[in-house]
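Here's a quick briefing to read with the model open beside you. Have a look at the picture first, then come back for the notes.

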Protein chains: 2
Amino acid sequence: MLSLVEENYLKAIYHLSDAGKSAVTTNALADNMNNKAASVTDMIKRLSSKGVISYEKYRGVNISEKGRRAALKVIRKHRLWETFLVEKLNFNWDEVHEVAEQLEHIDSPLLIEKLDSFLGHPKVDPHGHPIPDKDGRIQEVKQVQLSEAKEGTNGVLHSVNDGSPKFLQYLSKIGIRIGARIEIVERMEFDGSMEIIIDDNERVFISRQASENLLIREMP
Amino acid sequence: MLSLVEENYLKAIYHLSDAGKSAVTTNALADNMNNKAASVTDMIKRLSSKGVISYEKYRGVNISEKGRRAALKVIRKHRLWETFLVEKLNFNWDEVHEVAEQLEHIDSPLLIEKLDSFLGHPKVDPHGHPIPDKDGRIQEVKQVQLSEAKEGTNGVLHSVNDGSPKFLQYLSKIGIRIGARIEIVERMEFDGSMEIIIDDNERVFISRQASENLLIREMP
DNA sequence: ATAATTTTTTAGGTGAATCTAAATTTATAT
DNA sequence: ATATAAATTTAGATTCACCTAAAAAATTAT
């Protein structure tokens with residue numbers, strides 16, 4: 001059994017190692033968790049002794065298969081709750097993260113099973129992230145950062161990397177939602193900003209930073 | 001701000017003092033919380049310093065107005081979640097308590113407001129207990145223990161004192177639900193058991209213990 | 001290749017929430 | 001009214017999840 005805090009560390013390790021294939025460093029974790037490195041070292045030892053990560057002094061940590069399963073359980077709960085909040089309780093997509101951070105630790109397999117069917121077994125959450133199934137299977141869709149796509153590319157906004165309220169509110173304001181069709185008109189070389197067309201009708205400029213946080217699935 | 005554990009103590013104090021008007025004793029609390037008396041003494045001091053209870057050494061504790069408000073907030077959350085679990089997720093009424101014990105500590109006023117309206121502002125939970133409103137107002141209905149009612153009494157089952165799965169399953173089995181009409185046919189003097197008619201058609205015998213845990217509102 | 005810098009770990013400490021064992025206060029019984 | 005019993009509190013420990021300061025290891029820069 002993992003404590004609430006242990007679950008949060010494990011989730012962070014999962015997300016951080018998901019990106020790069022290399023081990024997750026103590027400092028990266030400390031940063032992510034807003035804790036000091038010494039505290040992270042303590043926790044790493046505990047997680048290692050519980051077999052959810054492998055750890056070699058001074059070499060960072062890697063998540064184990066057992067740890068991956070545990071992390072995916074928490075992520076499944078988080079994403080189902082976010083879906084519930086948006087679909088059933090009419091939260092805006094920028095209001096759900098904090099609450100879901102709490103709800104994801106509720107321990108009741110029956111609850112999650114029932115919530116899942118109440119929601120109609122959704123495949124993705126309101127941010128476009130895939131929801132792992134009961135057995136931790138997660139279907140990653142190949143998606144590219146908008147910033148990496150070529151001029152002329154057509155795609156559908158699939159998910160966002162930055163889930164902060166500020167960013168999500170900005171997206172809402174300029175009319176970008178998950179599922180929106182996006183066409184790249186032109187990329188400015190000097191600053192990486194780009195002009196795009198949303199849903200075949202709205203023309204907007206977005207910064208490089210914004211385009212890096214938009215993940216699209218390319219479409220013909 | 002109260003910790004999860006402090007909230008649970010406060011809730012217990014509220015429930016225990018609700019019954020008798022006198023102070024809640026250390027041992028009663030220790031019993032209720034499944035902790036040792038020494039631990040309770042520690043916690044009592046902390047709660048007292050936070051102003052949610054008043055405490056005099058060796059004399060037990062009384063909940064303060066501030067404490068009452070805090071307790072009612074938790075109770076409101078608990079009962080709304082129980083309602084959600086039964087009405088929306090199709091839980092049985094005997095499966096909800098443990099999960100609601102976890103959910104009641106989620107801290108998000110917006111969530112509770114939205115949940116409340118999603119449920120249609122229910123007045124009572126699935127066990128017949130009144131749900132306090134946003135401002136902690138709670139309308140207690142005058143109800144009597146079935147065991148205390150006279151032969152010939154007609155009433156509607158309003159709530160149950162014992163919310164344990166075992167008891168609730170027993171009630172389901174013999175056909176008793178919240179809202180069921182109950183008529184007392186006869187009370188056996190020697191053991192306090194009684195014969196009752198449920199919904200004007202089913203005749204059953206129930207023990208004194210069971211009748212003590214059934215609260216009815218008398219009806220003409 | 002060694003020195004300087006950065007990263008990580010160790011050592012020791014704190015508050016929350018528990019415990020056991022012992023001391024103290026209150027209640028009860030003769 | 002005093003002795004015994006019961007309830008309560010105090011004292012001292014433990015585990016979790018954090019901290020700071022200092023030491024050790026790894027990385028980098030000259």
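What follows is a short tour, from the chain fold to the symmetry, the protein contact and the DNA.

Keep in mind that this is a predicted model. Chain B can be laid on chain A with an RMSD of 0.1 Å, and each of two DNA strands, C and D, has 20 residues around it.

**Fold of chain A**
- Chain A is built from eight helices and eight strands. Its radius of gyration is 19 Å, close to the 17 Å that the globule rule gives for 220 residues, so chain A is as compact as a globular protein of that length.
- Along the principal axes, the C-alpha atoms of chain A fill a box of roughly 55 × 45 × 30 Å.
- Some 34% of the 220 residues in chain A count as buried.
- Take the contacts in chain A between residues at least 6 apart in sequence: 56% of them join residues at least 24 apart.

**Core and buried residues**
- The largest nonpolar core has 58 residues, and the ones touching the most other members are A:Leu85, A:Leu214, A:Ile216, B:Leu85, B:Leu214 and B:Ile216.
- Which residues does A:Leu214 contact, leaving aside neighbours within four places in sequence? They are A:Leu146, A:Leu157 and A:Val160.
- Over in chain B, B:Phe84 sits in helix H4 (residues 65-87). B:Phe84 counts as buried because it has 24 C-beta neighbours inside 10 Å, where the cut-off is 20 or more.
- Not counting residues up to four places away in sequence, B:Phe84 touches B:Leu89, B:Leu115 and B:Leu119.
- B:Phe84 and B:Phe190 are 106 residues apart in sequence, and their C-alpha atoms are 42 Å apart in space.

**Symmetry and the chain A–chain B contact**
- What turn and shift lay chain B on chain A? A turn of 180° and a shift of 0.0 Å along the axis do the job. The two copies are thus related as by a two-fold rotation axis.
- B:Leu103 is the residue of chain B that comes closest to the rotation axis, with its C-alpha at 3.8 Å.
- Chain A and chain B each put 16 residues into the contact. On the chain B side, helix H5 (97-103) and helix H6 (109-118) are the elements that give two or more residues, and H6(B) gives the most, with five.
- By class, that side of chain B has nine nonpolar, three polar and four charged residues.
- Of the interface residues of chain B, 100% are also interface residues in chain A, so the copies meet through the same surface.

**Around the DNA**
- For strand C, the closest of the surrounding residues are A:Thr25, A:Asn27, A:Ala38, B:Ser3 and B:Ala38. Two or more residues come from each of helix H2 (26-33) and helix H3 (37-49) of chain A, plus helix H1 (4-19) and helix H3 (37-49) of chain B.
- H3(B) has the largest share of the surface near strand C, at five residues.
- For strand D, the nearest residues are A:Ser3, A:Ala38, A:Ser39, B:Asn27 and B:Ala38. Here helix H1 (4-19) and H3 of chain A, together with helix H2 (26-33) and H3 of chain B, each supply at least two residues.
- H3(A) takes the largest share of the surface near strand D, with five residues.
- The class make-up is seven nonpolar, eight polar and five charged residues near strand C, and seven nonpolar, eight polar and five charged near strand D.

Note on methods: Residues are numbered from 1 along each chain as its sequence is written. Chains are lettered from A and ligands numbered from 1 in the order in which they are written. This is a predicted model: local features need pLDDT of at least 70, side-chain atom pairs count only at pLDDT 80 or more; totals for chains, interfaces and linings use all residues. A residue is near a molecule or strand if its C-beta atom, placed from the backbone, lies within 6 Å of it. Helices (H or I, at least four residues) and strands (E, at least two) are DSSP runs, numbered from the N terminus. Ala, Val, Leu, Ile, Met, Phe, Trp, Tyr, Cys and Pro count as nonpolar, Asp, Glu, Lys and Arg as charged, and the others, Gly among them, as polar. Two residues are in contact if their C-beta atoms, placed from the backbone, lie within 7 Å. A nonpolar core is a set of buried Ala, Val, Leu, Ile, Met, Phe, Trp, Tyr and Cys residues joined through C-beta atoms within 7 Å. A residue is buried if 20 or more other C-beta atoms lie within 10 Å of its own, exposed if 12 or fewer, and partly exposed in between; C-beta atoms are placed from the backbone. The radius of gyration is taken over C-alpha atoms; the globule rule is 2.2 Å times the number of residues to the power 0.38. Copies are superposed by least squares on the C-alpha atoms of residues with pLDDT of at least 70 in both.
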